[in-house]
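Trainee: I have a structure open on my screen and would like to learn how to read its features one at a time. Could you take me through them slowly?

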Number of protein chains: 2
Amino acid sequence: MKKRITVIGGGTGTMPVLNGLKNYPDLELTVIVNMTDDGGSNAVVRDEFGLLPLSDLRKSIIALAETNDKLLRDMFTYRFSKGEGLRGHTLGNLMMMALTDIYGSELEAVKKLSKLFNVKGNIIPVTRDNTILVAHYENGKKIKSEHLIDEPEDDDLKYSKIVKLSVEPKAKATKESIKAILDSDFIIIGPGDLYTSTLANLVIDGISEALQKTKAKIILITNLMTKLGQTQWMKASDLVNEVVKYSKIKPHYILHNKSKINPQIIERYKEENEYVLEDDLDKTNYEVIRANFLNSKVTKKDKGDELKRSLVRHDPKKLGKILYGIFTYENFSKVFT
Amino acid sequence: MKKRITVIGGGTGTMPVLNGLKNYPDLELTVIVNMTDDGGSNAVVRDEFGLLPLSDLRKSIIALAETNDKLLRDMFTYRFSKGEGLRGHTLGNLMMMALTDIYGSELEAVKKLSKLFNVKGNIIPVTRDNTILVAHYENGKKIKSEHLIDEPEDDDLKYSKIVKLSVEPKAKATKESIKAILDSDFIIIGPGDLYTSTLANLVIDGISEALQKTKAKIILITNLMTKLGQTQWMKASDLVNEVVKYSKIKPHYILHNKSKINPQIIERYKEENEYVLEDDLDKTNYEVIRANFLNSKVTKKDKGDELKRSLVRHDPKKLGKILYGIFTYENFSKVFT
């Protein structure tokens with residue numbers, strides 16, 4: 001029987017995990033996708049079309065696509081860089097908007113595209129409710145909107161801790177995402193922007209409850225770097241503690257990169273006050289798997305994308321290999337680390 | 001050897017011809033598409049993106065597509081009805097804009113899409129030059145822009161004859177369209193909006209010369225109805241004479257519908273001062289093939305489209321059958337009519 005794996009996230013950070021796992025034929029993959037994205041093209045999609053944010057669904061489709069049709073991929077990932085009203089939209093989002101209109105729902109559009117792109121796995125929005133991400137900061141301030149949390153206009157907030165994350169109005173998890181969590185053998189949380197991607201899923205009503213109920217083993221993948229405005233004050237244990245706080249469960253495994261990151265790249269991050277996430281996991285009691293998870297290719301910034309792009313990424317193959325090892329050998333961590 | 005058939009037009013009127021011929025396996029079809037469209041979405045495409053008008057290329061792709069993939073067709077023909085900057089665009093045009101950017105030219109985009117849609121035939125823009133259609137009227141006025149000729153703002157012009165059609169600046173025919181005309185066994189001109197679709201091809205430098213040089217037999221299909229602002233004063237012989245005037249060749253065959261049009265539909269056209277194109281072809285010396293070419297389905301107006309839609313159309317199967325007869329039997333008209 002296929003092992004059932006559910007990945008919680010949906011943002012750019014999740015993509016190496018999906019890419020790394022999709023080629024194992026004996027896994028049934030599901031990705032639960034954050035639905036609070038309200039930046040760039042998603043603002044138009046939400047405000048003018050009344051649709052769920054589509055960008056993370058689009059990214060998941062491409063990450064899990066097995067089609068060899070370069071033309072389809074080229075079209076789906078193309079971003080318009082000019083044209084009043086078109087600039088900033090990806091053609092993929094426009095295709096999803098059209099299909100949502102034709103077939104009646106975002107979920108149906110994802111299903112149709114999954115078939116066209118020969119997607120290996122299930123792509124599920126964490127909620128269907130129109131809701132907004134809200135961050136409360138240690139300095140008493142409150143920001144309502146994922147992209148403003150991601151890139152605070154107020155410089156103070158970049159250095160203030162987020163003490164509480166929630167959504168307004170309250171949003172209910174889709175029954176498909178709850179079912180996926182309950183039926184899973186393994187659940188992978190992270191990597192990704194901690195508040196605006198990973199935890200944005202965990203604050204949806206029903207997700208933490210399902211995580212507490214499921215018999216699945218929970219694997220948490222830490223981030224490589226801190227991110228100003230979100231995790232600037234954290235070491236690895238702090239990141240884990242935040243996930244524990246919102247999920248109300250303890251992970252069975254923590255995956256942390258132990259490979260050295262190129263000093264030149266570290267310098268570039270430093271310029272933006274971002275640093276390697278320090279490994280202080282020995283002071284915790286979690287089962288930590290340290291390995292080289294680093295992608296040796298330096299990811300270039302995508303000029304068409306308004307969002308800042310990370311320059312270091314997890315490597316799909318390296319992640320996939322270790323994760324598959326965990327799925328396969330119950331006592332993996334004792335054997336390999 | 002396959003018979004080589006070239007259809008000159010590109011607008012809505014051409015589509016029944018393409019649809020009617022594409023299922024004959026022993027024909028090699030080429031459609032030469034008018035490039036002066038500047039209405040609706042094409043204005044944005046031309047002005048903001050500097051591209052050729054794409055709508056008629058898009059229609060030709062769909063007309064000749066043999067793909068059974070409903071999803072692809074649904075996406076390609078979808079028209080956005082809301083969203084600032086998106087309203088009025090078809091997703092198909094947006095796909096073509098993206099592919100033109102990715103692959104470097106409109107022609108390359110058409111080729112890629114032709115493959116994706118399993119297009120039976122070749123789709124060729126009549127020119128690659130950015131040019132504008134110009135009509136000179138009997139009352140001395142001059143209109144520069146295809147969509148203003150199609151729907152004159154000045155009511156006088158709707159009843160004034162167009163005495164001269166040209167393009168500004170002069171535009172050179174693509175070598176592909178000239179080659180298609182020279183290499184053809186049969187060339188089909190019309191039906192379609194006479195000035196803004198059919199003749200808009202014939203005024204491109206090199207097209208008339210190629211038509212004079214080719215050994216292909218020329219078939220002219222008359223329109224079913226007159227069109228206010230273009231052919232309101234014409235009988236069938238006048239329409240033929242206009243084509244002869246701009247092409248400088250005489251057609252070998254003229255196809256004219258002899259089936260009666262539903263009186264209720266005729267009434268609806270009358271309200272807009274449009275009438276059945278009267279058959280006075282007996283006074284000419286052309287070889288006229290009269291048959292039932294009428295589509296029994298009444299075509300509904302497409303609400304999403306800003307352009308007025310005809311309600312009566314030629315029937316693809318009926319057209320295809322007679323045309324194929326002409327291609328196959330040299331002495332067709334003597335045998336069947």
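Mentor: Let us begin with a pair of strands, keeping in mind that this is a predicted model. In chain B, strand β8 (residues 217-221) runs parallel to β7(B), and four bridges join the two.

Trainee: Which residue of β8(B) is the bridge partner of I188(B)?

Mentor: The partner of I188(B) in that strand is I219(B). β7(B) is also joined by four bridges to strand β1 (residues 3-9) of chain B, again in parallel, and there I8(B) stands opposite I189(B).

Trainee: Are the faces of strand β7 of chain B covered or uncovered?

Mentor: To judge this, look at each side of the strand in turn, and call a residue buried when its relative accessible area is under 20%. In β7 (residues 186-189) of chain B, F186(B) and I188(B) are buried on one side, while I187(B) and I189(B) are buried on the other, so that both faces are covered.

Trainee: How should I read a helix in the same spirit?

Mentor: An α-helix has 3.6 residues a turn, so residues three or four places apart point the same way. In helix α9 (residues 194-202) of chain A, nine of the nine residues are buried, and the helix is therefore largely enclosed by the rest of the structure. Among these buried residues are L194(A), Y195(A), L199(A) and N201(A).

Trainee: Where should I look for cis peptide bonds in chain B?

Mentor: Omega is the angle to read here. One cis bond joins E168(B) and P169(B), with omega about -10°, and P169(B) lies in the loop between β6 (162-168) and α9 (175-183) of chain B. Another cis bond joins G190(B) and P191(B), where omega is about -5°, and P191(B) belongs to the loop between β7 and α10 (194-202) of chain B.

Trainee: What is the phi of N118(A)?

Mentor: N118(A) has a positive phi of about 50°, although it is not a glycine. This residue sits in the loop between α6 (106-116) and β3 (122-125) of chain A, and its relative accessibility of 42% makes it partly exposed.

Trainee: How can I describe chain A as a whole?

Mentor: Start with its secondary structure, which comes to 14 helices and 10 strands. The radius of gyration of chain A is 19 Å, close to the 20 Å that the globule rule gives for 337 residues, so the chain is as compact as a globular protein of that length. Of those 337 residues, 59% count as buried.

Conventions. Residues numbered from 1 in each chain as written. Chains lettered and ligands numbered in written order. Predicted model: local features only at pLDDT ≥ 70, side-chain atom pairs only at ≥ 80, totals over all residues. Heavy atoms only, no water. Buried < 20%, exposed > 50% of the residue type's maximum accessible area, 1.4 Å probe, protein only. Rg over C-alpha atoms; globule rule 2.2 N^0.38 Å. Pairing = 2+ DSSP bridges.
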